[in-house]
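Got your viewer open? Let's take a walk through this one, selection by selection.

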Amino acid sequence: MDHAAVIEILDREGHCRETHKVRQWPMTIGRAPSADLVLPDPHLAGAHALLHWTEAGPRLELLDSRNGGWLDAQRLAAGATAPWTSDAVLQLGSTRLRLRTALDPLPEEQLLPRSEEPRRRDARPAWALPTVIVLWLALLWLTNWSVTDGTAGWVDSVSGVLVPLGLALAWAASWALVTQLFRHWFAFGAHLWRALVVGVAFQVLDAALPVLAYALSWPRLMVLDTLAVSVGGALLLWWHASVVWPRRSRRLAVGIGALAVLGLALTIGRRTEQQHWLGPNYLSALPPPALRLVQPKPVDSFVDSLQRLEAPLQKQARKRNDQEQLSGDDE
């Protein structure tokens, strides 16, 4: 007969906290160093209980102690004996124990959920991060040059590139410290990669949207600019947070997505009196005419289309006049 057995120490919820193999029979349980199973519980005697193997199976004997014990919630005084089955929880002092033997049926192996699978740390080719840094700096310089027409001094040009880079480095370092706190991994490169990838995407979108809107005569395409800021910012936060808490990525996505929707609603709420809820009212700078892909409207049709703006403008003018009169009466 196989007498192999283990004793599990349970937490308050009944989950196994520690496992100790029974190496000999009988086995003493207590607080003394000479016990076979030493439990650091001040409510136990030096030798508190003795575990035997009999023909009928494991049997527990309580030795001389002041507190005795409880087997499956039944009080056992010192000197009492009782069979200890695998479905009965033994409490000695404040410690809860469970016995499992080789005769007990072993539960089937449970399928490991995907949330418990090990997550690989950020893996990228060695050239990826330097390449993205160079690309982002080049886009920053090109954007600054196009805004100033190349007339800015070298100090302004360098500042327009180095200041965003410094902010990106500080942002990545802050997230790396948070990752170090929760995962003991200073993931500076992983967070810098995420910040730069999103930064490059923002730069490309910021340059491409006005050109496409002008070339195709789709001014409302600029609505994507405001949407990209909210959606891209939410994705960046989630991407950073998934490094710190990889097993909570779905909950983080729901929470951050809700914040992004709330931010869009507040943006629309602040602009209810404007002509358009999202995007700029007009293009502040126009690309070269050579990029125009559609035929421009005739001047007459353009003037006719402005007539529909007369009523909203008059309404707005009357509203401002009423506000000025009210403010004058208060004075």
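The tour goes from the whole chain to a core, then to helix packing and a few backbone oddities.

**The whole chain.** Keep in mind that this is a predicted model. Colour by secondary structure and you should find 7 helices and 11 strands in the protein chain. Buried residues make up 30% of its 331 residues. Among contacts with a separation of 6 or more, 50% are between residues 24 or more positions apart.

**The largest nonpolar core.** Select Ile7, Trp84, Leu92 and Leu97: out of 22 residues in the largest nonpolar core, these touch the most other members. Now show the strands that give two or more residues to this core: S1 (5-10), S3 (27-30), S5 (49-54), S6 (57-62), S10 (89-92) and S11 (95-101). Which of them gives the most? That's S1, with 3 residues.

Next, centre on Leu97. Leaving out residues up to four places away in sequence, Leu97 touches Ile7, Glu8, Ile9, Leu39, Trp84, Ala88, Val89, Leu90 and Leu92. Apart from this core lies another one, of 14 residues, including Ala128, Leu129, Ala168 and Val200.

**Helix H2 and its partners.** Hide everything but H2 (residues 154-183) and H4 (residues 223-244); their axes come within 8 Å and cross at roughly 30°. On the H2 side, show Trp171, Trp175, Val178, Thr179, Phe182 and Arg183, and on the H4 side Leu236, Leu237, His240, Ala241, Val243 and Val244. Coloured by class, this contact has 9 nonpolar, 2 polar and 1 charged residues.

Swap H4 for H3 (residues 188-216). The axes of H2 and H3 also come within 8 Å, but here they cross at roughly 135°, which makes H2 oblique to H3. The crossing of H2 and H3 is right-handed. For the contact itself, select Ala168, Leu169, Trp171, Ala172, Ala173, Trp175, Ala176 and Thr179 of H2, plus Phe188, His191, Leu192, Ala195 and Leu196 of H3. By class, that contact divides into 11 nonpolar, 2 polar and no charged residues.

**Two residues in the helices.** Bring H4 back and zoom in on His240, which sits in that helix. Is His240 buried or exposed? With 0% relative accessibility, His240 counts as buried. Not counting residues up to four places away in sequence, His240 touches Trp171, Trp175, His191, Arg194 and Ala195.

Then slide over to Gly160 in H2. Gly160 is partly exposed, with a relative accessible area of 22%. Beyond residues up to four places away in sequence, Gly160 touches Leu140 and Asn144. Try the distance tool on the C-alpha atoms of Gly160 and Asn144: they are 6.7 Å apart, with these positions 16 residues apart along the chain.

**Backbone oddities.** Turn on the backbone and select Trp25 and Pro26, which are joined by a cis peptide bond with omega about -10°. Pro26 lies in the loop between S2 (16-21) and S3.

Jump to Asp72, in the loop between S7 (69-71) and S8 (74-76). Asp72 is not a glycine, yet has a positive phi of about 55°. Its relative accessible area is 49%, so Asp72 is partly exposed.

Last stop: His184, in the loop between H2 and H3. His184 has a positive phi of about 55° too, although it is not a glycine. What is the relative accessible area of His184? The value is 63%, so His184 is exposed.

Definitions and conventions
Residues numbered from 1 in each chain as written. Predicted model: local features only at pLDDT ≥ 70, side-chain atom pairs only at ≥ 80, totals over all residues. Heavy atoms only, no water. Core = buried A, V, L, I, M, F, W, Y, C linked by side-chain atoms within 4.5 Å. Buried < 20%, exposed > 50% of the residue type's maximum accessible area, 1.4 Å probe, protein only. Helix = DSSP H or I, 4+ residues; strand = E, 2+ residues; numbered from the N terminus. Contact = heavy atoms within 4.5 Å. Axes fitted to C-alpha atoms, helices over the stretch in contact; angles between N-to-C directions. Nonpolar A, V, L, I, M, F, W, Y, C, P; charged D, E, K, R; others polar. Parallel < 35°, antiparallel > 145°, perpendicular 65-115°, else oblique. Left-handed = near helix turned anticlockwise from the far one by under 90°.
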